[in-house]
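Grab a pencil and work through these exercises with the model open beside you. Each task comes with a solution taken step by step.

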Amino acid sequence: MSEKKDVLILAIESSCDETAAAVVKNGREVLSNIISSQIDLHTLYGGVVPEIASRKHIEKINQVIEAALGEAHTTLDDIDAIGVTYGPGLVGALLVGVAEAKAIAYAAKKPLVGVHHIEGHIAANFIEHKDLEPPFFSLVVSGGHTHLVRVKDYGKFDIIGRTRDDAAGEAFDKVARAIGLGYPGGPKIDKVSKEGNPEAIAFPRAHVEDAPYDFSFSGVKSAVLNYINGCKMKGEAYSQADIAASFQKAVTDVLVANAIHAVEEYQVDKFAIAGGVASNSALREAMKEACQERGVKFYYPSPIYCTDNAAMIGVAAYYEYRNGTRHGWDLNAVPNLKLGER
Ligand code: KG4
Ligand code: ZN
C-alpha cells in the first residue's frame with residue numbers, strides 16, 4: 001500500500017462570536033477559511049451576548065462547514081481528522097462546535113482532535129511564515145487573553161506572563177465604549193488614533209511588582225474614565241482622537257516592554273504576536289522596531305488570521321494530530337481551559 005502523503009484537517013471554531021470552519025493541508029496550507037461573523041448582531045448590545053452567540057452558531061455551523069469543504073474541493077472522505085476548539089471561551093458557544101465536531105467525527109469515522117484556542121492563535125503564524133518553527137516566544141493579545149508564551153515545541157508551552165485583570169483587547173473595547181466609539185473597540189481605536197497625539201495625555205503604564213512579565217490594564221482603563229469625567233465636570237471639551245492615541249500608546253508601551261524584557265532575559269531570536277489585538281498597527285510597528293534593533297526575527301499574521309478563525313485551529317490540530325493527540329466521544333467544552341492542559 002502506498003503511503004498517503006497529505007494530511008487534511010477539517011477545523012471548527014465557535015468559541016466566541018465567529019462561526020468558522022476551514023480545511024488545512026499539512027498544517028501550513030489553508031485550502032479554505034470560512035468565517036461567519038456575528039459582529040453586526042452584537043454591536044446592537046455593545047458587546048457579545050452569549051445566548052445570542054450560541055443560537056447564531058447553531059444556525060450557521062452546517063453552512064460554514066459545507067462551504068469550507070466545497071471551497072477546498074474536498075469531501076469528508078478526504079479528511080484525516082476533525083479539529084475543534086474546546087476551550088477557553090463561552091461555554092454555550094464552544095458546545096455548538098464541540099457537538100458538531102463529535103457528530104461528524106463519529107459519523108465519518110475520523111479521529112477527533114480538541115484544540116486550545118490560544119494554541120490556535122499562536123499557530124496562525126505558521127500559515128504565512130513557512131520558515132517559522134519552535135522554539136520561539138509569542139505575545140498573545142486578544143479580547144479574553146494577554147499571555148507571554150514560550151513556545152518550546154509544537155504543542156508545548158510555558159506561560160511566563162499573563163494579565164492580572166483585563167485582557168488587552170477588553171481594555172480597548174471598554175475604553176472605546178467610554179469615548180463613544182462603540183463595539184468592537186480595538187479596530188476603532190486603532191483607526192481614530194491615527195488622527196490623535198499619542199503624547200497628549202500621560203496615562204499610566206502599570207508594571208506588576210515581582211512579576212516582570214505580567215500585565216495589568218485596569219489602571220489605564222480607570223485613568224481614561226477619570227480623565228473623561230474630569231473634563232466633563234470642568235465643562236471642558238476633550239479630544240476623542242488624543243485619548244485614543246494616548247491610551248493605545250500606554251497599552252502598547254507595556255506590551256512591548258514586557259515582551260522585550262523576555263527577549264533579552266531568555267535570549268530569544270524569534271518573536272511572534274497573535275490574537276485580535278495583534279492586528280493593531282501601533283503594536284505591530286513598535287514590536288517590529290524593537291525586534292529589529294535587537295536582531296530578533298519578528299512575525300505577525302495577516303489580520304484575517306489574527307481575529308478568530310478556523311484555519312489557525314486547523315494548523316494547531318495538525319501538529320496535535322501529528323503528536324498523537326486524540327480525544328474521545330466524551331470531549332466537552334472547557335470554558336477556562338489552561339494552555340498545555342489535556
Ligand atoms: O482574538 P479575537 O478575535 O477574539 C478573542 O479570542 O478574544 O480578539 C478580539 C479582540 C477584541 O477585543 C478587539 O477589540 C481586538 O481584538 N482588536 C483590536 C484590533 N482588532 C481587533 N485591538 C486593537 N487594535 C486592533 N486593530
Ligand atoms: Zn481568539
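## Warm-up: the overall fold

The protein chain has 11 helices and 10 strands, taken as DSSP runs numbered from the N terminus (helices H or I with at least four residues, strands E with at least two). Some housekeeping: this is a predicted model, where local features need pLDDT of at least 70, side-chain atom pairs count only at pLDDT 80 or more, and totals for chains, interfaces and linings use all residues. Residues are numbered from 1 along each chain as its sequence is written, chains are lettered from A and ligands numbered from 1 in the order in which they are written, and side-chain values use heavy atoms, leaving out hydrogens and water.

**Exercise 1.** Compare the radius of gyration of the protein chain with that of a compact globule.

*Solution.* Start with the rule: 2.2 Å times the number of residues to the power 0.38, with the radius itself taken over C-alpha atoms. For 342 residues a compact globule would come out near 20 Å, and the protein chain has 20 Å, so the two agree. Next, look at the extents: the C-alpha trace spans about 75 × 45 × 30 Å along its principal axes. Then check burial: 55% of the 342 residues are buried (under 20% relative accessible area with a 1.4 Å probe, protein chains only; over 50% is exposed, and in between is partly exposed). Finally, turn to contacts, meaning heavy atoms within 4.5 Å. Of those with a separation of 6 or more, 73% are between residues 24 or more positions apart.

## The annotated site

**Exercise 2.** Find which residues of the UniProt "binding site" are included in the lining of the largest pocket.

*Solution.* First, the record: the unreviewed UniProt entry puts this feature at Val140, Val141, Ser142, Gly143, Gly144, Asp173, Gly186, Asp190 and Asn280. Of these, the pocket lining includes Ser142, Gly143, Gly144, Asp173, Gly186, Asp190 and Asn280. A pocket here is an open set of points on a 1 Å grid over the protein atoms alone, where a 1.4 Å probe fits and protein lies on both sides within 12 Å along at least five of seven lines; lining residues have an atom within 4 Å of a point. Bear in mind that such annotations may be inferred rather than shown by experiment.

**Exercise 3.** Place Asp190 and Asn280, and work out which residues they touch.

*Solution.* Asp190 sits in helix α6 (residues 185-193), and at 12% relative accessible area it's buried. Skipping residues up to four places away in sequence, Asp190 touches Gln248, Ser279, Asn280 and Ser281. Now Asn280: look in the loop between β9 (270-274) and α9 (281-293). Asn280 is buried too, with a relative accessible area of 5%. With the same neighbours left out, Asn280 is in contact with Phe172, Asp190, Gln248 and Thr252. The side chains of Asn280 and Gln248 also share a polar contact of 3.0 Å (N or O atoms within 3.5 Å, one able to donate a hydrogen and the other to accept it; residues adjacent in sequence count only if both atoms are side-chain atoms).

## Backbone oddities

**Exercise 4.** Which peptide bonds are cis, and where do the prolines lie?

*Solution.* Recall that most peptide bonds are trans. Pro134 and Pro135 are joined by a cis bond, omega about 5°, and Pro135 lies in the loop between α4 (117-128) and β6 (136-141). From Tyr183 to Pro184 the bond is also cis, with omega near -10°; Pro184 is in the loop between α5 (168-178) and α6.

**Exercise 5.** Is Lys109, with its positive phi, buried or exposed?

*Solution.* The phi of Lys109 is near 55°. Lys109 belongs to the loop between α3 (91-108) and β5 (112-116), and its 74% relative accessible area makes it exposed.
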